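Let's go through this model together, asking at each step how a label is earned. Here it is.

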Amino acid sequence: MSGIYQVINPANESIVTDVDLADLAAVDAAIEKADRAFKTWRTIAPGERAKLLRAFAQEVTNHRQELAMLEVTNSGHTISNALWEADNVANVLNYYSAAPERLFGRQIPVPNGIDITFKEPLGVVGVIVPWNFPMPIAGWGFAPALAAGNTVVLKPAEYTPLTAIKLGEIALKAGIPEGVFTVIPGKGSIVGNRFVTHPKVRKIVFTGSTEVGKSIMAGCAEQVKRVTLELGGKSANVIFADSDLEKAAAAAPGAVFDNAGQDCCARSRILVEKKAFDKFMELFESAVKKFRVEDPSLATAEMGPLISKKQFESVQNYLNEPVAFKGSAPSGKGFWMAPTVLQPKSTDSKSWREEIFGPVVSVMPFEDEADAIAKANDTDFGLSGSIWTRDSAKAIRVSRAIESGNLSVNSNSSVRYWTPFGGYKQSGLGRELGPDALDSFTEVKNVFINTD
Ligand code: NAP
Ligand code: MG
């Protein structure tokens, strides 16, 4: 043990509980145990592994209310989001429970024999989770990793360990063998870093800041360790004058202020075609004023507090541009902040360029299609984005031109567990979810059998 972490409810600053933080010896012991468990987990018959994953999913569903309430208390997520997040873990487990029985290789025609490929599990996979979406991001890593026959050690963010710890208990209750899925709360510099340096951890799945992601990628290079990175974003919401402006404006607050803007897919840059700018701003202002920021345990809440005092302070550094208008937020205890709409004067502005990770959005006009594409791409990031227009040919042209991993047309939704998710440029490396996720949790082995 290397100390304790006091979990704080961000909505009222009350102390929720204490969590023991693992020290190096505890991490090493857990990795060794996961490595021993791998020897048997990989040999479990595919149909049996599928059943165990479905039992895990069912047990998550049985605990959905409890998991959701833990997230409301630990992270300030709205109850409606938190229920979706618990259900997402169950859905992702169910989706990948179909994979063990379909982990096909190929038979490739060659002279003088037979050639076949196998998709072999890697071994122990280390999943490092951030605090913004503790449940879904954990599940996107551990579900396909386990389905492919790997064992998993998972480090939740220091701020938000409670649902991960619960998921670890639920897995055991569902019959997942000891050592197959181990949750290890602790510090990034100790537990996370040990995943990177321990030779028995064969792959890292990391979601978090671009800065830490780069250091993890550099650390993994030492052992040519496999790595998937989901990093920051500065996604554009591109609104053309020929779109359904009412709909685009009504949806725009949720696209950036959901989860208090602490979302790597947040549409934190709104680009509006010049001739529709004033009309959009009028509609957007009334939508922002209606956005409900309140006690996250209320079913009507659309946004809760920020995760921590530190995050709150970090977000305040971005408010040095003209404010167009603001929404409202509760006063008193808790890390509350009103949704804030900025109108930066230039694309060099820090609030236009950097990931803020708070309820702040910047709006800027554009001239035409080419200017919209140029402005949308003028960033080191490339995770998500939206395009609003009634012209479907234009929607396709702009979708193809924006350098980003996940785009939506006349919608702001980025995440569907059936489809691949990940970033261009400095938003990440590799893809999670969708039909191909097991490729990043397996090695392809080629075997030639001489028949001469
Ligand atoms: P972070 O430092 O990148 O943390 C993400 C995860 O990595 C946490 O579990 C963290 O552990 C762990 N970690 C930190 N240093 C590590 C290291 N040297 N080796 C291995 N693991 C390490 O993110 P943050 O400091 O919480 O947030 C800072 C900013 O990052 C945010 O304001 C936001 O801009 C961005 N962010 C992006 C995402 C995203 O989804 N793309 C998510 C979170 C944050 P600890 O919790 O112990 O530090
Ligand atoms: Mg950090």
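Q: Which residues of helix 10 are buried?
A: This is a predicted model, and in it Phe277, Phe280, Met281, Leu283, Phe284, Ala287 and Val288 of helix 10 are buried. An α-helix has 3.6 residues a turn, so residues three or four places apart point the same way.

Q: What do the buried residues of helix 10 pack against?
A: Their partners are two kinds of element: helix 9 (245-257) on the one hand, and strand 10 (236-239), strand 11 (269-273), strand 12 (323-326), strand 13 (340-342) and strand 14 (360-366) on the other.

Q: How do you know that the span of helix 10 agrees with its number of residues?
A: Helix 10 covers residues 277-290, which is 14 residues, and at 1.5 Å a residue the expected span is 20 Å. The end C-alpha atoms are 20 Å apart, so the two values agree.

Q: What makes Val129 a polar contact of ligand 1?
A: A polar contact needs N or O atoms within 3.5 Å. An oxygen atom of ligand 1 is 2.8 Å from a polar backbone atom of Val129, which meets that limit.

Q: Which side chains have a polar atom by an oxygen atom of ligand 1, and at what distance?
A: In Asn132, an N or O atom of the side chain is 3.3 Å from an oxygen atom of the ligand. For Gln311, the distance from a polar side-chain atom to a ligand oxygen is 3.2 Å. Taken alone, ligand 1 exposes 870 Å², and the protein buries 82% of that.

Q: How many residues surround ligand 1, and which are the closest?
A: There are 27, the closest being Val129, Trp131, Glu158, Ser209 and Leu231.

Q: Why is the pair Lys200 and Asp35 called a salt bridge?
A: Side chains of opposite charge can pair when their charged atoms come close. The cut-off is 4 Å between a side-chain nitrogen of Lys or Arg and a carboxyl oxygen of Asp or Glu. For Lys200 and Asp35 the closest N and O atoms are 3.8 Å apart, so the pair qualifies. It links distant parts of the chain: Lys200 is in the loop between helix 7 (188-197) and strand 8 (201-207), while Asp35 is in helix 1 (residues 24-41), 165 residues apart.

Q: Why is Lys200 called partly exposed, and why does Asp35 count as buried?
A: Buried means under 20% relative accessible area, and exposed means over 50%. Lys200 has 31%, so it falls in between and is partly exposed. Asp35 has 13%, which puts it under the 20% limit.

Q: What makes Arg64 and Asp87 a salt bridge?
A: Their closest N and O atoms are 2.8 Å apart, which is within the 4 Å cut-off. Arg64 belongs to helix 3 (residues 64-75) and Asp87 to helix 4 (residues 79-97), 23 residues apart. Arg64, at 28% relative accessibility, is partly exposed, and so is Asp87 at 24%.

Q: How do you know that Glu273 and Lys275 meet in a salt bridge, and is each of them buried or exposed?
A: The N to O distance is 3.7 Å, so the pair passes the 4 Å test. Glu273 has a relative accessible area of 10% and is buried, whereas Lys275 is exposed at 71%. Elsewhere, salt bridges that share partners join Glu32, Asp35, Lys39 and Lys200 into one network.

Q: How many salt bridges does the structure hold?
A: The structure holds 26.

Q: Why is Lys345 called exposed?
A: Its relative accessible area is 72%, over the 50% limit. Lys345 is in the loop between strand 13 and helix 12 (350-353). Not counting residues up to four places away in sequence, Lys345 touches Glu321 and Pro322.

Q: Why does Glu294 count as buried?
A: Its relative accessibility is 14%, and the limit is 20%. Glu294 lies in the loop between helix 10 and helix 11 (309-316). A polar atom of the Glu294 side chain lies 3.1 Å from the backbone nitrogen of Ala301.

Q: Why is Ser235 called buried?
A: With a relative accessible area of 2%, Ser235 is under the 20% limit. Ser235 lies in the loop between strand 9 (226-230) and strand 10. Leaving aside neighbours within four places in sequence, the contacts of Ser235 include Cys264, Cys265, Arg267 and Leu383.

Definitions and conventions:
Residues are numbered from 1 along each chain as its sequence is written. Chains are lettered from A and ligands numbered from 1 in the order in which they are written. This is a predicted model: local features need pLDDT of at least 70, side-chain atom pairs count only at pLDDT 80 or more; totals for chains, interfaces and linings use all residues. Side-chain values use heavy atoms; hydrogens and water are left out. Helices (H or I, at least four residues) and strands (E, at least two) are DSSP runs, numbered from the N terminus. The expected span of a helix is 1.5 Å times one less than its number of residues. Buried means under 20% relative accessible area, exposed over 50%, partly exposed in between (1.4 Å probe, protein chains only). Contact means heavy atoms within 4.5 Å. A residue is near a molecule or strand if one of its heavy atoms lies within 4 Å of it. A polar contact is a pair of N or O atoms within 3.5 Å; within protein, one must be able to donate a hydrogen and the other to accept it, and residues adjacent in sequence count only if both atoms are side-chain atoms. Accessible areas come from the Shrake-Rupley method with a 1.4 Å probe; for residues, only the protein chains shown count as cover.
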